[in-house]
Amino acid sequence: DLSIVPLIVEEIADTTRPMLISATLNYSTGILIMNTNEIMELTANGTIDSTHIYLVNLSEEHGGPNHAGLTLYDGTGTAGIYQTRNHNGLRLGGNSQLVGDSSMLQITLSETQRIEALVLSSTSGGDGVPLNISIAEDAFTDVALNKVIPIDLILNEIEDTILPRIT
């Protein structure tokens with residue numbers, strides 16, 4: 001008998017929160033690449049809320065971003081002079097992103113953000129200490145809309161090797 005037997009499929013909701021596993025910033029291009037343990041929702045520009053991504057010397061509390069006591073670069077006054085290093089971190093925001101659901105997230109820092117980070121980096125022109133990337137839970141979600149687990153990780157830094165030129 002070749003009768004069709006219905007197959008009952010039990011669905012289990014995805015409730016597992018995604019996690020950032022590594023991040024690399026190329027100081028030549030200003031491209032920040034973040035790798036996660038599962039596919040993220042990246043169908044349109046703006047699905048990564050970069051205002052919840054920090055590049056910092058050290059968060060106040062390991063295991064999750066807490067930046068109340070940090071001096072973040074604000075682009076004004078004496079804090080606007082990069083070389084004085086009056087800031088010990090920066091909050092991203094307004095960054096364009098690569099789209100297409102993936103476990104690799106890519107955003108591009110503005111030129112100001114790139115320099116703000118560079119002077120605090122472990123690379124040439126920096127202070128010799130690697131920056132941490134600090135992610136808050138509202139930074140991005142997986143395709144089931146689970147928010148990322150807040151975390152601080154040491155940022156992999158690629159030195160700025162592009163020579164300046166007079167235009």
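**Exercise 1. Describe the surroundings of Ser-50 in this predicted model.**

Solution.
Step 1. A polar contact of 2.8 Å runs between the side chains of Ser-50 and Asn-95.
Step 2. Asn-95 is also one of the residues that Ser-50 touches beyond four places in sequence, a list completed by Leu-92, Gly-93, Gly-94 and Ile-107.
Step 3. In the chain, Ser-50 belongs to the loop between strand 2 and strand 3.
Step 4. Buried means under 20% relative accessible area. Ser-50 has 5% relative accessibility, so Ser-50 counts as buried.

**Exercise 2. Place Asp-49 in the chain, classify its exposure and list its contacts.**

Solution.
Step 1. The loop between strand 2 (31-40) and strand 3 (53-56) holds Asp-49.
Step 2. The class partly exposed covers the range between 20% and 50%. Asp-49 has a relative accessible area of 29%, and is therefore partly exposed.
Step 3. The side chain of Asp-49 makes a polar contact of 2.6 Å with the side chain of Thr-51.
Step 4. Leaving aside residues up to four places away in sequence, Asp-49 touches Asp-138 and Ala-139.
Step 5. Gln-97 is 48 residues from Asp-49 in sequence, and their C-alpha atoms are 9.8 Å apart.

**Exercise 3. Asp-138 forms a salt bridge: identify the partner and state the exposure of both residues.**

Solution.
Step 1. The partner is Lys-147, with 2.7 Å between the closest N and O atoms.
Step 2. Asp-138 is partly exposed, at a relative accessible area of 35%. Lys-147, at 36% relative accessibility, is partly exposed.

**Exercise 4. Give the number of salt bridges, then determine which parts of the chain the Arg-17 pair ties together.**

Solution.
Step 1. The count comes to four salt bridges.
Step 2. Arg-17 pairs with Glu-137, and their closest N and O atoms are 2.8 Å apart.
Step 3. Arg-17 lies in the segment before strand 1 (20-26) and Glu-137 in the loop between strand 7 (132-135) and strand 8 (151-154), so the salt bridge ties together parts that are 120 residues apart in sequence.
Step 4. Arg-17 is partly exposed at 32%, and Glu-137 is partly exposed at 33%.

**Exercise 5. Analyse the salt bridge between Asp-160 and Arg-114 and name the network that includes both residues.**

Solution.
Step 1. The closest N and O atoms of Asp-160 and Arg-114 are 3.0 Å apart.
Step 2. Asp-160 is in the segment after strand 9 (156-158) and Arg-114 in helix 1 (residues 111-118), so this pair links distant parts of the chain, 46 residues apart.
Step 3. Asp-160 is partly exposed at 25%, whereas Arg-114 is buried at 10%.
Step 4. Through salt bridges that share partners, Glu-111, Arg-114 and Asp-160 form one network.

Definitions and conventions
Residues numbered from 1 in each chain as written. Predicted model: local features only at pLDDT ≥ 70, side-chain atom pairs only at ≥ 80, totals over all residues. Heavy atoms only, no water. Helix = DSSP H or I, 4+ residues; strand = E, 2+ residues; numbered from the N terminus. Buried < 20%, exposed > 50% of the residue type's maximum accessible area, 1.4 Å probe, protein only. Contact = heavy atoms within 4.5 Å. Polar contact = N/O pair within 3.5 Å; in protein donor to acceptor, adjacent residues only side chain to side chain. Salt bridge = Lys/Arg side-chain N within 4 Å of Asp/Glu carboxyl O.
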